[in-house]
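Colleague: I am new to this model and would like a close look at just one part. Please walk me through the pairing of oppositely charged side chains, and how open to the surroundings each partner is.

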Amino acid sequence: MGIIASLLSRRDARRYVRSVRWREQNSPQGTMFASTVAYNRTVHRDLASDRISKEFKAEIKSIFLSNPDATPEDFERCWPELRDQILRNYVLNKLSAG
């Protein structure tokens, strides 16, 4: 859409963009396209969130296991409470700073 619109005059480009949007909204294929785009955005956001969560958990796990008495099983058991405490502290620090 961007390449075609750049070759047209401003008025024709606006008409073209409006017609494409109208077709996307009013045709079954357009609806399917819009829902596919929304689904892909959601999946991409979820995958990025999962990757960040895994990296965060791995970093906390390495710190936790640096204690000679800690075991991976201890970490898994304590992880939900640790995560809640870390997030709680983060919010409290932001509130006190701002």
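Modeller: Gladly! A word on exposure to begin with: a residue is buried under 20% relative accessible area, exposed over 50%, and partly exposed in between, using a 1.4 Å probe and protein chains only. The model is predicted, so local features need pLDDT of at least 70 and side-chain atom pairs count only at pLDDT 80 or more, while totals for chains, interfaces and linings use all residues. Residues are numbered from 1 along each chain as its sequence is written, and side-chain values use heavy atoms, with hydrogens and water left out.

Here is the setting. The protein chain has four helices and zero strands (DSSP runs numbered from the N terminus: H or I of at least four residues for helices, E of at least two for strands). Along the sequence, this gives the pattern α-α-α-α. Of its 98 residues, 9% are buried.

Now to your charged side chains. Side chains of opposite charge can pair when their charged atoms come close. The structure holds three salt bridges (a side-chain nitrogen of Lys or Arg within 4 Å of a carboxyl oxygen of Asp or Glu).

Let us start at Glu-76, which pairs with Lys-57, their closest N and O atoms being 3.3 Å apart. Because Glu-76 lies in helix α4 and Lys-57 in helix α3 (residues 28-65), this salt bridge ties together parts that are 19 residues apart in sequence. Helix α4 itself covers residues 72-97. Lys-57 is partly exposed, at 26% relative accessibility, and Glu-76 is partly exposed too, at 40%.

Glu-76 also has a salt bridge with Lys-61, where the closest N and O atoms are 4.0 Å apart. Here again helix α3 holds the Lys and helix α4 the Glu, so the pair ties together parts that are 15 residues apart in sequence. With a relative accessible area of 27%, Lys-61 counts as partly exposed. Put these pairs together and you have a network of salt bridges linking Lys-57, Lys-61 and Glu-76.

One more pair remains. Asp-74 and Arg-77 meet through their side chains in a salt bridge of 3.3 Å, N to O. Both of these residues lie in helix α4, three residues apart, which is about one turn of the helix. Asp-74 is partly exposed at 22% relative accessibility, whereas Arg-77, at 60%, counts as exposed.
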